[in-house]
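Here is a protein–ligand model, followed by questions on how its binding terms are justified.

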Amino acid sequence: MDTSGNAAILEIKDVTKYFGTVAALKSMQLSVMPGRVHTILGENGAGKSTLMKILAGVYQPTSGSILMDGKPYAPANPQDAARAGLTIVFQELSLCNNMTVAENILATREPSTIGFINDKALTRKAASIVADLKLPVAVTEKVGDLSIAQRQLVEIAKGLSVDAKVVILDEPTSSLSDNEAEILFEIISQLKARGVAVIYISHRMEEIMRLSDDITVVRDGSYITTRDKNETTIDELIALMVGRDMDAIYPARDVPAPAMSAKPVLGVDGLSRDGEFENITFDVRPGEILGFFGLIGSGRSEVMNALFGMKRTSSGSISIDGKQVTISSPVDAIDRGIGFVTENRKEEGLVLSHNVEANISMVALKDYSGAFGFLKRRRERLAAEAEVKRLAIKTGSLQTIVGSLSGGNQQKIVLAKWLLTRPKILILDEPTRGVDVGAKFEIYKIIRQLAAEGTAILLVSSELPEIISMSDRVVVMSEGRATATASGDQMKPEKIMSFATGFVS
Ligand SMILES: Nc1ncnc2c1ncn2[C@@H]1O[C@H](COP(=O)(O)OP(=O)(O)OP(=O)(O)O)[C@@H](O)[C@H]1O
Ligand SMILES: [Mg+2]
């Protein structure tokens, strides 16, 4: 759709892509204009990343054609695409954890000279890129030591360190806090002003409405329609995307929250870990949903890792059902009835090279082994199947390799895995990151259902609307301390944000 009078920089015509017998794209269409932000919107597994990888030369289409600047464009590999002026920041991080930030940013840019550039020059160059982009990272740090959000920003810096005609950002904000996302939005408007075409993928509707000029909706690998941002609404886009009307994203509680007089299942008292968090105290009752909000780096995930036995604490105590316990490993935690959906699904939550069934039954496995192993395996399979259905996970079969599923569907597998263990206490660290609106609703319904069954839920999220709508109370963290526990009429965005930033009004 030519809205500016210019010619399209990219013209995608009838692109089809098969993986074996799976059609990821069916006769896809897309027309991208220079100097505009074009969002691709669609459910998990709709084919967005596949299309982007074709543009980036990672995959070749089964059929169809692409024009760039009016000329045939068929990159055989990512280097080809880069030479033609196309830059992509992938949905899944592709950084090398044992290299520094500086080495990562410049790695793709100067592959032949890396190792020869002296360290100082490299560091200086990377530092200037990082400073230009106003990124809160030190270029001499090892990427493996950074938080997920910082890694994501490095990934973006890496992608933008080259001059490009087309920049593709596949869910760049999925692990960024609002503040960090602002940095990215600023970068995007600069790119736009330079006449660069930006192709943007996100599941965050407010962000899409703010940033986009054009929005293309895709469903099940097919092109549905393209709208000018000014001529559509969030409701219309969601309906187009899921193929039906959706009235509420946050399901209401149908069982009342437990009374504050009820006995806590988990009590945390003065928990500290040097340099990470200090004097954290809270408790949670069976059936309660306790939210944890804070900006990136506030220490929320660190506290959760400690509760799950992945980090040692320097002082404080943890009690379960009123009895003080020591949790020194994840095995301890699981034994005590704690489940943990980690924010870092690719590294901690999944074995990408294993199939869906193996991943889902990974933690529950001990329940299914033993003398009647054969029968139990059958039961395990049925249970895994039930979870796949309950979460509407889009997978060929239980034998499909998890690494080939779309990002959002991988996230759902991590959730399925823990649901199968029926934990007493379930920690959910950013459970809906990268998940489409329809699937978000499904996950919220499951959280509600688990709470109604008596599971105590610790919900960590950077999305304020999600935290406020789903939690009974919210622990707000800032710089390693719990600055407030909000409940009742304190559960308002401005209030919680002020606790999180330390500007209490
Ligand atoms: N390498 C692969 N091998 C087999 N199937 C694949 C492969 N890559 C993608 N698919 C399948 O193609 C379909 C589209 O996946 P894709 O990753 O493009 O979805 P997406 O729209 O990016 O979803 P999400 O929002 O979850 O990231 C999915 O059904 C997925 O399982
Ligand atoms: Mg994707």
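A pocket is defined on a 1 Å grid over the protein atoms alone, as an open set of points with protein on both sides within 12 Å along at least five of seven lines. The model is predicted: local features need pLDDT of at least 70, side-chain atom pairs count only at pLDDT 80 or more, and totals for chains, interfaces and linings use all residues. Residues count from 1 along each chain as written, chains are lettered from A and ligands numbered from 1 in written order, and side-chain values use heavy atoms, without hydrogens and water.

Q: What makes ligand 1 a molecule that sits in the largest pocket?
A: Sitting requires more than half of a molecule's atoms within 2 Å of the grid points. Ligand 1 sits in the largest pocket.

Q: Why is the pair between the Asn-44 side chain and ligand 1 called a polar contact?
A: The cut-off is 3.5 Å between N or O atoms. An N or O atom of the Asn-44 side chain is 2.9 Å from a ligand 1 oxygen. Backbone N or O atoms also reach ligand 1 oxygens: Gly-47 at 2.9 Å, Ala-46 at 3.2 Å.

Q: Why does ligand 1 lie between domain 1 and domain 3?
A: Domain bounds come from an automatic or database assignment. Domain 1 (10–242) and domain 3 (349–422) both give residues to the shell, so ligand 1 lies between them.

Definitions and conventions:
Polar contact = N/O pair within 3.5 Å; in protein donor to acceptor, adjacent residues only side chain to side chain. 1 Å grid on protein atoms, 1.4 Å probe; cavity = no way out; pocket = protein on both sides within 12 Å on 5 of 7 lines; lining within 4 Å.
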